[in-house]
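Here's a walk through this structure, written for someone who would rather look at residues than at statistics. Keep the viewer open as you read.

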Amino acid sequence: MIGSIPLGDVLLASGALFTIGLAGALLRRSAISIFLSTEVMMNAANLALIGYGSAMGSREGQIIVFFIIAIAAAEASVGLAIFVALFRHKETIDVNKINLLKW
Amino acid sequence: MSASIPLWLVPALPLAGFLVNGFLGKRLGKSFVSAVGVGAVGLATAAAYARLVPFFAGDHSAVVERIAPWFSAGGFSAEIAMRLDPLSALMTSFVTFVGFWIHVYSVGYMRHDETEAGYARYFAYLNLFMFAMLILVLAQNFVLMFVGWEGVGLCSYLLIGYYYERQYAADAGKKAFVVNRIGDFGFLLGMFGLFSLFSSLDFDRVFTAAAADPGKYAPYLTLVCLCLFLGAVGKSAQVPLFVWLPDAMAGPTPVSALIHAATMVTAGVYMVARCNVLFRLAPEAMAAVAVVGAVTAIFAGIIAVAQNDIKKVLAYSTVSQLGYMFLACGVGAYVAGMFHVLTHAFFKACLFLGSGSVIHAMGGEQDMRRMGGLRSKLPITYWTFLIATLAIAGIPPLAGFFSKDAILGSVFEHGQYVLWGLALFTAGLTAFYMFRLVSLTFEGSFRGTPEQEHHLHESPPSMTAPLVVLAILSFVGGWIGLPRVFGENLDRFTAFLSPILLPLASAAERAEPGLSHGAEWLLMGVSVAAAVAGLLLARSWYVRGQGRVPDRIAASFPAAYALLAEKFRVDELYGLLFVRPFDWLARMLWKVVDVLVIDGILNAGAFLVELVGDLLRFLQTGNVRNYALSLFLGLIALMLFVIGAV
Amino acid sequence: MERLVFDAAAALTILFAGLMVMHPHPVKSVLALVVSFFGLAVCYVMLSAPFIAAIQVIVYAGAILVLFLFVLMLLNVGEETRGRERPIQRWLSAAALLVFAGLLLGLLRAHGASAPLSFGPLSGDVAPLARLLFSRYLLPFEALSVLLLAALVGAFVLAQREKGA
């Protein structure tokens with residue numbers, strides 16, 4: 001089972017996932033959707049890390065992913081809190097409408 | 001005891017006076033200021049004479065005292081060193097002495113009208129002037145001399161503009177400084193030339209080198225001497241740079257006496273005499289000197305005839321007499337020229353101080369047409385003034401006769417008959433306008449207002465004492481230089497001063513032809529006759545005739561008279577030729593170059609920055625998604641860059 | 001054989017991620033993402049990281065995404081509306097994405113990472129992982145707990161209703 005998956009496949013999958021997440025982040029207008037797309041991007045990175053760790057015979061990749069997931073959890077909670085606060089004020093989740101910093 | 005007094009002490013004492021009065025004088029009261037100001041110069045005079053008396057009496061060889069190294073850069077070095085030789089000893093003797101008496105006079109003249117601060121300022125500047133002048137005459141090299149040269153120019157500016165609140169006085173000070181600067185430019189060029197020729201600016205080195213090898217240097221010396229002479233023209237108010245001297249009369253009268261009669265203006269003559277070796281190797285330059293001197297003498301004399309301000313007459317008279325001194329140097333009679341410097345210092349200072357006494361008595365009035373009959377009210381002033389006038393007119397046995405006769409004799413001796421004729425005519429003219437002055441001021445009846453008449457009084461002793469001293473010197477001062485006809489060894493002055501004329505290696509100089517005794521007597525008689533003629537004409541027209549004849553002449557030739565009275569409109573001419581173009585240039589540089597171009601460039605820069613900012617503003621949409629896109633685009637760019645590099 | 005499983009799981013992941021991105025309704029988006037994460041967990045297992053796979057399912061899919069759902073339902077967020085916006089954002093993004101994808105592909109192809117794994121096989125045990133975590137990575141581990149605390153407090157503060165003052 002272990003040791004027969006070519007690294008190229010892993011990277012291809014990771015790259016595709018990352019691109020999809022990026023597309024979502026750039027093209028969606030809802031704040032939640034953008035956030036979710038960001039999560040996808042992070043997972044793509046995780047995949048790549050695991051893949052390399054496995055390829056190099058080291059567990060460090062997994063350690064890093066472990067941390068990343070934990071951080072993602074923290075980040076998600078704070079981000080959602082922000083989201084809630086924002087929604088309370090603005091009654092909309094359309095990011096285009098949040099433009100107080102416009103010149 | 002005498003040799004132990006260092007030379008540098010002589011200028012140092014007035015410098016100390018300047019510092020004390022300059023910084024503390026305001027607070028310490030007029031008596032203190034007077035004591036310090038007069039005392040400093042008095043002590044300097046004593047110190048000077050402690051060295052001079054043994055010098056005059058005994059060994060006349062030159063003494064050089066090195067004080068300190070000054071600077072050296074590359075091949076050029078100059079040190080602070082002073083020289084005591086016959087020429088500098090002569091200058092020092094009367095600069096200190098006359099300067100001292102003028103300081104005493106100033107106490108009386110300036111005391112009542114000035115504030116404490118103004119009084120202190122006056123004496124501080126006057127002391128500073130003495131310092132600079134003494135540096136000038138005692139310097140051992142051209143650079144130190146130039147320091148003194150510039151210093152006296154500065155003090156002249158400061159003192160002419162003493163009444164700086166009056167526009168006229170402030171302008172006159174600036175005019176003096178600017179015109180002097182033109183001359184200084186020539187002096188500097190001359191110094192550069194000397195350095196390139198001799199690789200040194202030390203007097204001994206330059207003069208001995210030039211005298212030893214005339215053929216090598218002579219071709220270049222004409223230009224160098226002309227440049228140096230330009231400096232003298234500026235400082236000693238010769239044509240065409242004389243215009244500052246009449247306006248300099250805006251300063252207090254003692255200043256006019258000291259600076260613009262006795263000392264500063266003679267610095268040019270001193271410089272030419274000091275450089276006699278160089279000039280004697282450049283005959284064209286000497287010719288120029290002589291011609292300029294003669295032309296100036298007659299030109300200024302003519303203007304003086306038609307002036308009504310007492311000080312202006314004396315100013316033009318000074319310019320004219322300085323012309324005589326340069327004429328003498330120009331024909332090679334350096335000794336005669338310096339003789340006239342000495343006698344002129346005595347009688348001209350006396351005349352100016354006397355005029356100050358008159359002005360003081362008249363409550364500030366300077367127009368002679370409103371004076372008259374002051375003889376009875378101001379006796380001491382009158383008699384001293386008369387003696388000095390006789391001296392300047394050249395009436396024997398007073399001082400002016402001997403020096404003027406020496407000059408005229410030398411000019412004739414060297415075959416310059418045209419110049420001699422001009423000088424003779426000018427001598428008559430001098431006598432005429434001076435006695436016109438005396439007659440208008442002191443003789444006849446008073447023509448002023450009744451208030452002025454009430455105010456008339458003789459001056460206090462602090463002012464009359466210097467007048468007496470200077471009058472005595474005007475009387476006897478010439479007796480040290482009696483001409484040969486009276487006896488072969490009676491010309492002590494020439495014997496004393498001759499060593500400064502170093503012998504030249506070539507026989508290029510024309511030997512002194514020497515006049516016969518008969519010719520000498522004849523020349524003396526002619527010059528006396530001219531003087532007497534002028535005197536009598538003046539008296540006839542102005543005392544007995546009460547000015548009717550000259551008034552009629554003036555009325556008959558109004559244009560000619562106006563030309564004279566307005567000093568040939570030289571200032572207006574200069575204004576047209578020089579001042580207006582420079583003013584235009586300055587204005588152009590300001591309005592066009594500074595405002596339009598330079599400010600324009602700066603403003604354009606600011607405008608550009610603003611423009612770019614306005615354009616860049618559109619990037620700030622406030623929309624997060626746009627920013628995210630920008631980040632992403634940047635990421636792509638980075639990736640491309642890295643890939644490209646790899 | 002393993003490769004096949006991996007490829008299938010990866011395809012699943014990618015497919016559902018794409019669905020998530022495209023779907024306008026947020027709740028359905030999140031659910032699609034849940035499936036996607038499951039697929040990802042399978043991938044991890046194939047890469048001999050079973051522990052991480054478990055973490056992925058429990059924490060990511062089971063906690064984080066559930067949290068998302070909670071918030072969505074709390075705020076009753078509706079569908080995403082058609083927006084009037086300048087098209088430049090969309091076009092430029094699309095173009096940039098294409099370029100980016102192209103770059104990635106190019107890189108992959110150029111550096112030929114299709115070779116099979118060359119190092120020694122990795123066992124799927126958790127024990128070595130734990131050992132690493134508590135020895136070399138102890139400090140980050142502890143820092144992580146502080147981070148979680150900070151996040152907790154921050155979220156609490158941010159989500160409070162304003163007290164009026």
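C:Ser48 sits in the loop between α2 and α3 of chain C. This is a predicted model, so take the angles below as computed values. The phi of C:Ser48 is near 55°, which is positive even though the residue isn't a glycine. Most residues other than glycine have a negative phi, and most peptide bonds are trans. Is C:Ser48 buried or exposed? It counts as buried, because it has 26 C-beta neighbours inside 10 Å and the cut-off for buried is 20 or more.

Chain B has a residue of this kind too. B:Ala237 has a positive phi near 55° and, again, is not a glycine. Look for B:Ala237 in the loop between α7 and α8 of chain B. With 30 other C-beta atoms within 10 Å, B:Ala237 is buried.

That loop of chain B holds another oddity: B:Pro240 lies between α7 (214-235) and α8 (244-247), and the peptide bond leading into it from B:Val239 is cis, with omega near 0°. A cis bond also runs from B:Pro396 to B:Pro397, where omega is near -5°. B:Pro397 has its place in the loop between α16 (379-393) and α17 (399-413) of chain B.

Here are the backbone angles in one place:

| Residue or bond | Angle | Value |
|---|---|---|
| C:Ser48 | phi | near 55° |
| B:Ala237 | phi | near 55° |
| B:Val239 to B:Pro240 | omega | near 0° |
| B:Pro396 to B:Pro397 | omega | near -5° |
| B:Gly74 | phi | about 65° |
| B:Gly363 | phi | near 65° |

Now for chain C against its neighbour. Contacts link 69 residues of chain C with 65 residues of chain A. On the chain C side, the elements giving two or more residues are α1 (2-22), α2 (26-46), α3 (50-75), α4 (88-110), α5 (127-135) and α6 (138-159). Which of them gives the most? That's α3(C), with 13 residues. Sort this side of chain C by class and you get 53 nonpolar, ten polar and six charged residues.

Chain C itself is split into domain 1 (1-79) and domain 2 (128-165). Their centres, taken over C-alpha atoms, are 23 Å apart. For chain B the assignment gives domain 1 (141-565) and domain 2 (572-645), and there 62 Å separate the two centres, again over C-alpha atoms.

Stepping back to chain B as a whole, it has 26 helices and two strands. Its 646 residues are 50% buried, and its C-alpha atoms fill a box of roughly 115 × 70 × 55 Å along the principal axes. Of the contacts in chain B with a separation of 6 or more, 81% are between residues 24 or more positions apart.

The two strands are worth a visit. Strand β1 (residues 63-73) of chain B pairs with strand β2 (residues 76-84) in the antiparallel sense, over nine bridges. They make a hairpin with two residues between them, and B:Gly74 in the turn has a positive phi of about 65°. To find the register, start with B:Val64, which stands opposite B:Arg83 in β2(B); further along, B:Pro69 has B:Glu79 as its bridge partner. Why does β1(B) lie largely in the open? Because zero of its eleven residues are buried.

The helices of chain B include some well-covered ones. In α10 (residues 267-274), eight of the eight residues are buried; among them are B:Val269, B:Tyr270, B:Met271 and B:Arg274.

Helix α14 (residues 334-361) of chain B is mostly covered too, with 27 of its 28 residues buried. Those 28 residues should span 40 Å at 1.5 Å a residue, and the end C-alpha atoms are 40 Å apart, so the two agree. Even so, α14(B) has a kink of about 30° centred on B:His344. After α14(B) comes B:Gly363, with a positive phi near 65°.

Methods:
Residues are numbered from 1 along each chain as its sequence is written. Chains are lettered from A and ligands numbered from 1 in the order in which they are written. This is a predicted model: local features need pLDDT of at least 70, side-chain atom pairs count only at pLDDT 80 or more; totals for chains, interfaces and linings use all residues. A residue is buried if 20 or more other C-beta atoms lie within 10 Å of its own, exposed if 12 or fewer, and partly exposed in between; C-beta atoms are placed from the backbone. Helices (H or I, at least four residues) and strands (E, at least two) are DSSP runs, numbered from the N terminus. Two strands pair if DSSP finds at least two bridges between them. Two residues are in contact if their C-beta atoms, placed from the backbone, lie within 7 Å. Ala, Val, Leu, Ile, Met, Phe, Trp, Tyr, Cys and Pro count as nonpolar, Asp, Glu, Lys and Arg as charged, and the others, Gly among them, as polar. Domain bounds come from an automatic or database domain assignment. The expected span of a helix is 1.5 Å times one less than its number of residues. The bend at a residue is the angle between axes fitted to the seven residues ending there and the seven starting there.
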